[in-house]
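Student: I would like a close look at one part of this model rather than a tour of everything. Could you take a single sheet, go through it carefully, and then follow the connections outward from there?

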Amino acid sequence: MEDEIINKVANSVLEVFDLEDYYPKGIRTQIDISQWLLEGFLLKEKDFREELKNHDWSQYQDQYVAIHCSTDAIVPAWASILVAIQLAPFAKKIINGTLEDLDASLYEELLPKIDYSVYENKPVIIKGCSRKPVPMRAYVLAAHYLQPFARSIMYGEACSAVPLYKAPKKG
């Protein structure tokens with residue numbers, strides 16, 4: 001009789017922490033302020049305010065929104081704040097920055113709320129390959145919150161994990 005092939009990964013005590021499991025559902029949108037600047041670079045306050053007044057803000061209902069400027073224009077701080085004020089009645093969350101900054105901000109809110117005690121004294125692998133745009137800051141935060149509980153932390157996939165942390169032996 002031939003030796004049976006045993007899936008050691010499936011039989012291991014290794015716990016997988018997959019950040020995609022916590023990825024907040026919802027539409028992410030980026031608003032580019034340059035669309036309301038003269039030739040994409042010059043903010044004329046009266047014209048800017050008029051553009052914002054005439055914009056259909058309801059299209060951002062229940063969305064996560066990142067406000068940014070894609071040009072090298074020097075935009076006063078109040079401009080982004082004014083856009084955020086217009087968005088406030090509609091958007092779920094508003095940040096100044098990129099879509100990656102937006103996702104990082106969402107993870108920064110939700111990762112502290114997770115009960116990490118289920119990983120107490122267990123080897124944990126932070127799953128590395130994701131189909132969703134999980135920002136690097138989320139991986140760093142996950143490791144930070146897992147470290148006080150996990151016996152060890154690895155990154156990647158079970159078949160090719162990179163060791164990152166091993167708890168000191170107690171005793």
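Tutor: In this predicted model, a good place to begin is the pairing of strand 2 with strand 3, where five bridges join the two strands and the strands run parallel. One point to look for in that pairing is D32, whose bridge partner in strand 3 is H68. Between the two strands the chain passes through helix 2 (residues 45-54), and the resulting β-α-β crossover is right-handed. Four of the five residues of strand 2 are buried, so this strand is largely enclosed by the rest of the structure.

Strand 3 (residues 64-68) also pairs with strand 4, again in parallel, here through four bridges, and within this pairing Y64 stands opposite K93 of strand 4. Taken together, the three strands form an open sheet with the order 2-3-4 and parallel pairing. Strand 2 (28-32) and strand 4 (93-96) stand at the edges and each has a single partner strand, so one side of each is left without a neighbour in the sheet. From one strand to the next, the twist averages 20 degrees. It is worth keeping two statements about strand 2 apart: this strand is an edge of the sheet, with a single partner strand, and yet four of its five residues are buried.

What packs on the sheet can be read from the helices. Helix 3 (residues 77-87) lies across strand 2, strand 3 and strand 4, and runs at about 160 degrees to strand 3. Helix 4 likewise packs on the sheet, touching strand 2, strand 3 and strand 4, while its direction makes about 125 degrees with that of strand 4.

The connections on either side of helix 2 each hold a residue whose backbone deserves a check. Most residues other than glycine have a negative phi. E39, which sits in the loop between strand 2 and helix 2, has a positive phi of about 55 degrees although it is not a glycine, and with a relative accessibility of 74% it counts as exposed. On the other side, in the loop between helix 2 and strand 3, D62 has a positive phi near 60 degrees, and this residue too is something other than glycine. At 44% relative accessibility, D62 counts as partly exposed. Two aromatic residues, W57 and Y60, form a tilted pair, and to place it we should begin with the rings of the whole model.

A pair of aromatic rings is described by the distance of the centres and the angle of the planes. The count for this model comes to ten aromatic pairs. Among them, F17 and Y119 form an edge-to-face pair, 5.7 Å centre to centre with 75 degrees between the planes; F17 lies in strand 1 (residues 15-17) and Y119 in the loop between helix 4 and strand 5, so that this pair links distant parts of the chain, 102 residues apart. Both F17 and Y119 are buried. W57 and Y60, by contrast, are tilted, with 6.0 Å between centres and 45 degrees between the planes. W57 counts as buried at 5% relative accessibility, and Y60 is buried with a relative accessible area of 7%. F17 and Y119 also belong to one aromatic cluster together with Y22, Y116 and Y145.

From F17 the path leads into the largest nonpolar core, which has 19 residues, and in which F17, L19, Y107, L111, Y116 and L146 touch the most other members. Helix 4, which we met on the sheet, supplies at least two residues of this core, as do strand 5 and helix 5, and helix 5 gives the most, with five residues. The contacts of F17 include L111, Y116, V124 and L146. A second, separate core of 17 residues includes L52, A73, A79 and V83.

Finally, strand 5 offers a comparison with the pairing we started from. Five bridges join strand 5 (residues 123-127) to strand 6, and these strands run parallel, with V124 opposite I153. Strand 5, helix 5 (residues 136-146) and strand 6 make a right-handed β-α-β unit. Strand 6 then pairs antiparallel with strand 7 (residues 162-166) through four bridges, and a hairpin of five residues joins the two.

Key. Residues numbered from 1 in each chain as written. Predicted model: local features only at pLDDT ≥ 70, side-chain atom pairs only at ≥ 80, totals over all residues. Heavy atoms only, no water. Pairing = 2+ DSSP bridges. Right-handed = clockwise from strand over helix to strand, strands pointing away. Core = buried A, V, L, I, M, F, W, Y, C linked by side-chain atoms within 4.5 Å. Buried < 20%, exposed > 50% of the residue type's maximum accessible area, 1.4 Å probe, protein only. Contact = heavy atoms within 4.5 Å. Phe/Tyr/Trp six-rings, centres within 6.5 Å; stacked < 30°, edge-to-face > 60°. Axes fitted to C-alpha atoms, helices over the stretch in contact; angles between N-to-C directions. Lists of a residue's contacts leave out its neighbours within four places in sequence.
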